[in-house]
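These exercises ask you to read side-chain environments and strand pairing from a model, one step at a time. Please look over the sequence and the structure before you turn to the solutions.

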Amino acid sequence: MIEDREPIRVALLGCGTVGTEVVRLLREYPTEYAARTGAPVHVTGVAVRRPHKHPQVPEQLLTTDATVLVEGGADVVVELIGGIEPARSLLLSALRAGKSVVTANKALLAEHGSELYAAADANGVDIYFEAAVAGAIPLLRPLRESLAGDRITRVMGIVNGTSNYILSAMDSTGAGYEETLEEAGQLGYAEADPTADVDGFDAASKAAILASLAFHTRVGAGDVHREGISAVGAGDIEAARALNRTVKLLAICERVVDEDGTESVSARVHPAMIPRDHPLAGVGGAFNAVFVEAESAGQLMFYGQGAGGAPTASAVLGDLVAAARNVVVSGKGPRESAHAQLPARSMDWTPTRYHISLDVADKPGVLSQVAATFNEHDVSISVVRQQGRGADASLVVVTHTAVDSALRATVDQIARLPSVNEVVSVMRVEGEPS
């Protein structure tokens, strides 16, 4: 009988909205989790800073001493603290003590993932982190297990709900960035300090994890090019709409192959225009979605709630069941796969496309001067549109693919042309033929 087996003991570090849901679900459905795991699953303790703030958790489970809890008799340690320290030290202690780990800590994995994987391998235990990238969306397990027999070429996704809510609202209302950010805060979609979300730090950590899994290469947060959405204005949204596009903050990880066959990995986070008929264009509000391209499987899309207490707890508990099941049967989960050891590609040499909007003088020869500048930097023009007259004259250029450094150099030189009054906006273009 399962009920007669030795229980799997779980130590929980942190008990915010996600941790509270984890405790609730384990207590509400003990029979189901025991059946899925092969043994009863018992929470032996919950480490928090202020026990009085957690009346929904049984008092006897609460402790302020996370170190003692980790060093105790737990079989699996679930970390939901966030940040680097003390999470890093606590998880290393757990792994070195032979305890498996479940974490949702994307920043820690992006900065110190290799150290944690090595500790797990050395001690024959597991580290699971499905909830670290896309909340409830089952994404990481398909990447490292279901697609292990395929060759992934590109992963592109919306992995930050706050930024996506803001850009979606700007697109639907025509409002500017600042007022939309303020509204997002009032509705609970943006933190009091939204920096990690709107400046792309959160998405960059997730991109590092995705690139590492997709391309079997260690990619850290420092390898990810990062730009946020604070510079996106209502004019950019309108310019995208005029070309039947919308603007999204994208995490893009791709395998880049040079003409000589040399491979590298590019990982970047930045706002970009995508066609309105692209699957990611319809992802609105605070939802997340990731678009995966593989040589054999083709195009795959993963969509769902990327944050929130119950959705994220679902992913955490899925990992907990897997880790606990391995304890019961003395098995092991998937290990780190970094055999490819591909170099990280600088953003300067990453192929991209640009949408450039220029305020120009209304006089003959402007277009030829701008075109000559593109030609000088070996950047091909895909679309050019001149509109307005007099003080309202403007020029819109969309390029073919070129390395990013050449595109930036082109824009810098165009800004100095006498016939160009202002470079109004520059944005990358993704999701369509180059």
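## Exercise 1: Exposure of two ring residues

Classify Tyr-303 by its relative accessible area, and then do likewise for Phe-287.

Solution. Tyr-303 has a relative accessible area of 47% and is therefore partly exposed (buried means under 20%, exposed over 50%, partly exposed in between, with a 1.4 Å probe and protein chains only). Phe-287, at 32%, is likewise partly exposed. The model is a predicted one, in which local features need pLDDT of at least 70 and side-chain atom pairs pLDDT 80 or more, whereas totals for chains, interfaces and linings use all residues. Residues are numbered from 1 along each chain as its sequence is written, and side-chain values use heavy atoms, leaving out hydrogens and water.

## Exercise 2: Aromatic pairs

How many aromatic pairs are there, and how are the rings of Tyr-117 and Phe-129 arranged?

Solution. The count is three aromatic pairs (rings of Phe, Tyr and Trp, the last by its six-membered ring, with centres within 6.5 Å; planes under 30 degrees apart are stacked, over 60 edge-to-face, the rest tilted). In one of them, Tyr-117 and Phe-129 have ring centres 6.1 Å apart and planes at 40°, so this pair is tilted. The pair links distant parts of the chain, since Tyr-117 belongs to helix α5 (residues 106-122) and Phe-129 to the loop between β6 (127-128) and α6 (131-134), twelve residues apart (helices, H or I, of at least four residues and strands, E, of at least two are DSSP runs, numbered from the N terminus). Tyr-117 is buried at 13% relative accessible area, and Phe-129 is buried at 2%.

The rings of Phe-287 and Tyr-303 have centres 5.4 Å apart and planes at 10°, so that pair is stacked. Phe-287 lies in strand β11 (residues 287-294) and Tyr-303 in strand β12 (residues 298-305), so the pair ties together parts 16 residues apart in sequence.

## Exercise 3: An annotated lysine

Describe where Lys-106 is found and which residues Lys-106 touches.

Solution. An unreviewed UniProt entry annotates Lys-106 as "binding site", in the numbering used here, with a shortened feature name, and such annotations may be inferred rather than shown by experiment. Lys-106 is in helix α5 and is partly exposed, at 27% relative accessible area. Leaving aside residues up to four places away in sequence, Lys-106 touches Ala-132, Asp-202, Ser-205, Lys-206 and Ile-209 (contact means heavy atoms within 4.5 Å).
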